[in-house]
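Open the model in your viewer and keep the selection tool at hand. The stops below say what to pick and what is there.

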Amino acid sequence: LPYNCDPSDLPHTAIRGDEMTAMLREIGAGRLLVLFDSCHSGGAGDPKGLVPQIKQGLSDEYYQALAQGKGRVVIASSRPDEISWALQGMNNSLFTHYLLEALHGRCKMMGDGYVRVFDVFRHVADNVPTKADQHPIFKAAAMEEDFPIALA
């Protein structure tokens, strides 16, 4: 759901799963990292979501389809059956808070000055569940190395 999605007009304002998959497959990069923290904040301390009728999370099959191709990685904020949280006192969602920490180099790294894909996932996976019942997920295809995504 894009930030400007209208819950009363999903067919015209949301992005279908097959449409998103097609757009990502058109990206010809040898390495691709896709990050999903796509629910809308419902208020501090409340689950992020628009209306109860909208299913929270995406299916495992959807993440697998997105991760297909060479060097493709998908990191999502929560399991398909969990909601993604925004906690009081944080400027971002719980997932994004720890994602940004990792991207700024405040995570365990290999010591070579690079923040790598596994560094980021390990940081969010270790920290997010300590604050809420939320567990980030990782899907990858043809990932030959733990590639750098930021400078520490």
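Buried means under 20% relative accessible area, exposed means over 50%, and partly exposed is in between (1.4 Å probe, protein chains only). This is a predicted model, in which local features need pLDDT of at least 70, side-chain atom pairs count only at pLDDT 80 or more, and totals for chains, interfaces and linings use all residues. Residues are numbered from 1 along each chain as its sequence is written, and side-chain values use heavy atoms, with hydrogens and water left out.

**Whole chain**

Show the cartoon. The protein chain has 5 helices and 5 strands. Helices (H or I, at least four residues) and strands (E, at least two) are DSSP runs, numbered from the N terminus. Along the sequence the pattern reads α-α-β-α-β-α-β-α-β-β. Of the 152 residues in the protein chain, 37% are buried. A contact means heavy atoms within 4.5 Å. Take the contacts between residues at least 6 apart in sequence: 70% join residues at least 24 apart.

**Stop 1: H123**

Select H123, in helix α5. Is H123 buried or exposed? Its relative accessible area is 11%, so H123 is buried. Now show its surroundings. Leaving out residues up to four places away in sequence, H123 touches Y98, E101, A102, R106 and C107.

**Stop 2: the rest of α5**

Select V117, D119, V120, F121 and V124. These α5 residues are buried, as is H123. What covers the buried residues of α5? The cover includes β2, α4, β3 (114-116), β4 and β5 (148-151).

**Stop 3: the aromatic cluster**

Select F118, F121 and F138, which form one aromatic cluster. Rings of Phe, Tyr and Trp (its six-membered ring) pair if their centres lie within 6.5 Å; planes under 30 degrees apart count as stacked, over 60 as edge-to-face and the rest as tilted. The count comes to 2 aromatic pairs. In one, the rings of F118 and F138 have centres 5.4 Å apart and planes at 40°, so the pair is tilted. This pair links distant parts of the chain: F118 sits in helix α5 (residues 117-127) and F138 in strand β4 (residues 137-141), 20 residues apart. F118 is partly exposed, at 35% relative accessibility. F138 is partly exposed as well, at 23%.

Move to the other pair. The rings of F121 and F138 have centres 5.3 Å apart and planes at 55°, so this pair is tilted. It too links distant parts of the chain, with F121 in α5 and F138 in β4, 17 residues apart. F121 is buried, at 19% relative accessible area.

**Stop 4: strands β1 and β2**

Select β1, residues 32-36. In a regular strand the side chains alternate between the two faces of the sheet. Here L32, V34 and F36 point to one face and are buried. L33 and L35 point to the other face and are not buried.

Add β2, residues 72-76. Two strands pair if DSSP finds at least two bridges between them. β1 and β2 pair in the parallel sense over 5 bridges. Which residue of β2 is the bridge partner of L35? It is I75.

**Stop 5: the nonpolar cores**

A nonpolar core is a set of buried Ala, Val, Leu, Ile, Met, Phe, Trp, Tyr and Cys residues joined through side-chain atoms within 4.5 Å. The largest has 19 residues. Select V73, I75, V117, V120 and V124, which have the most contacts inside it. β2, α4 (94-103) and α5 each supply at least two residues of this core. Its largest share, 5 residues, comes from α4.

Another core lies apart from it, with 7 residues, among them L24, L32, F36 and I137.

Go back to V73. Not counting residues up to four places away in sequence, V73 touches L32, L33, V34, V117, F138, K139, A140, M143 and F147.

**Stop 6: Q134**

Select Q134, in the loop between α5 and β4. Q134 is buried, with a relative accessible area of 0%. Its side chain reaches the backbone oxygen of S77 at 2.9 Å. Beyond its neighbours within four places in sequence, Q134 is in contact with residues including S78, E82, W85, F95 and P129.

**Stop 7: cysteines**

Select C5 and C107. C5 is buried, at 9% relative accessibility. C107 is buried at 13%. How many disulfides are there? With a disulfide taken as a pair of cysteine sulfur atoms within 2.5 Å, the count comes to 0.

Note on methods: Polar contact = N/O pair within 3.5 Å; in protein donor to acceptor, adjacent residues only side chain to side chain.
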